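Subject: Structure handover, with notes on the sheet and the pockets

Dear colleague,

I am passing on the structure we spoke about, and below it you will find what came out of going through it. Please read the notes with the model open beside them.

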Amino acid sequence: MKSLKVISFNIWFDDNEQELRYKSIVDTIKKTNADIIGFQEVIPEFEEIIERELNLQKENSEYISKKYRRASYGCMLLVKRSLEPNFSEIILPSRMERTMIAAEIYLCDERTVFGTVHLESLSNHSTRIQQLAMIQREFSNFKSSVLFGDFNFCSYRNYHDIEGDPLENDCLNEIMYDYIDIWPHLHKDDEKGYTFNSEINQMIDHDEMMRYDRVIYRGTFLKPISIELLGTEPIGENVWQSDHFGLLATFEYQEN
């Protein structure tokens with residue numbers, strides 16, 4: 001069996017201890033030796049650090065990267081060069097200039113797509129539905145696909161938790177009906193996996209406990225065997241890598 005590691009991390013564009021946080025995130029990437037990494041809220045300062053630390057400008061760099069920043073911040077996707085990725089960018093319906101970055105690779109002689117996304121922020125449920133529907137259509141051409149990023153809605157509650165309102169997360173079951181959300185698939189019910197957790201992360205200045213960030217997949221041969229939170233420990237006095245925790249998902253597959 002072979003393994004494949006996927007990371008999703010909203011790195012937070014805020015200037016609070018920015019250089020310390022960004023260097024620590026890059027150190028985490030190096031330690032995990034992940035194969036595919038999706039970042040959200042990427043700004044030029046982070047691009048500069050990660051390009052330098054991972055030698056992304058060199059022709060023989062370990063990773064190949066694709067980024068977009070149509071607004072003040074955007075997404076970045078890194079894939080190990082050995083996987084020979086073919087990158088694309090899907091422009092989503094958005095008032096915030098959101099897009100998805102995807103990488104098509106061949107695993108087990110099968111076209112497989114991995115995409116990272118930062119869905120529309122704030123009270124824009126209808127826009128997020130449109131964005132997910134477009135991603136579903138784009139990925140329907142592949143037998144296996146993995147989507148990961150900051151979905152901007154929680155699996156347990158709505159941000160404005162009004163009694164009687166439907167749970168926004170239900171749209172995943174309706175639109176991405178054949179996808180599996182890896183965290184609840186592999187963890188017990190009492191292991192919530194909050195990626196935005198004010199009880200632990202003191203960089204969040206208000207009470208908020210949400211599982212905004214996801215890794216979901218569908219496929220014929222990829223088997224998720226683990227998923228864990230990244231960046232849950234402080235790296236300085238009241239300093240964490242981001243206001244979000246990252247996710248590291250590991251898949252297994254049988255090579256032909």
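The sheet comes first: six strands form an open sheet of mixed pairing, and their order across it is β3-β4-β2-β1-β14-β13. Please keep in mind throughout that this is a predicted model. The edge positions are taken by β3 (63-68) and β13 (223-230), each of which has a single partner strand, so one side of each is left without a neighbour in the sheet. From one strand to the next, the twist averages 15°.

At the β3 edge, the pairing with strand β4 (residues 74-80) is antiparallel and runs over six bridges; within it, lysine 67 has methionine 76 of β4 as its bridge partner. As for the helices that pack here, α1 (residues 18-32) lies across β1, β2 (36-42), β3, β13 and β14 (246-253), and its direction makes about 170° with that of β1. Helix α2 (residues 44-53) also packs on the sheet, where it touches β2, β3 and β4 and runs at about 150° to β2.

Turning to the pockets, which may be of more direct use to you, the largest pocket holds about 840 Å³ of space. Its lining is made up of 38 residues, and those closest to the centre are Leu122, Asn152, Tyr159, Glu208 and Tyr212. Two elements, α3 (125-139) and α4 (170-175), give two or more residues to this lining, and the largest share, three residues, comes from α4. Sorted by class, the lining of the largest pocket contains 16 nonpolar, 10 polar and 12 charged residues.

The second largest pocket has a volume of about 220 Å³, and of the 14 residues that line it, Lys2, Leu83, Leu107, Tyr253 and Glu255 lie nearest its centre. Here the elements that contribute two or more residues to the lining are β1 (2-10) and β6 (99-107), with β1 giving the most, namely three residues. The lining of this second largest pocket divides into six nonpolar, three polar and five charged residues. It may help to view this pocket together with the sheet, since β1 appears both in the strand order and in the lining of the second largest pocket.

With best regards

Methods:
Residues are numbered from 1 along each chain as its sequence is written. This is a predicted model: local features need pLDDT of at least 70, side-chain atom pairs count only at pLDDT 80 or more; totals for chains, interfaces and linings use all residues. Side-chain values use heavy atoms; hydrogens and water are left out. On a 1 Å grid over the protein atoms alone, a cavity is a set of points where a 1.4 Å probe fits but cannot get out, and a pocket is an open set with protein on both sides within 12 Å along at least five of seven lines; lining residues have an atom within 4 Å of a point. Grid points are joined across faces, edges and corners, and a volume is the space filled by probe spheres set on the points. Helices (H or I, at least four residues) and strands (E, at least two) are DSSP runs, numbered from the N terminus. Ala, Val, Leu, Ile, Met, Phe, Trp, Tyr, Cys and Pro count as nonpolar, Asp, Glu, Lys and Arg as charged, and the others, Gly among them, as polar. Two strands pair if DSSP finds at least two bridges between them. Axes are lines fitted to C-alpha atoms, for helices over the stretch in contact, and angles run from 0 to 180 degrees between N-to-C directions. Contact means heavy atoms within 4.5 Å.
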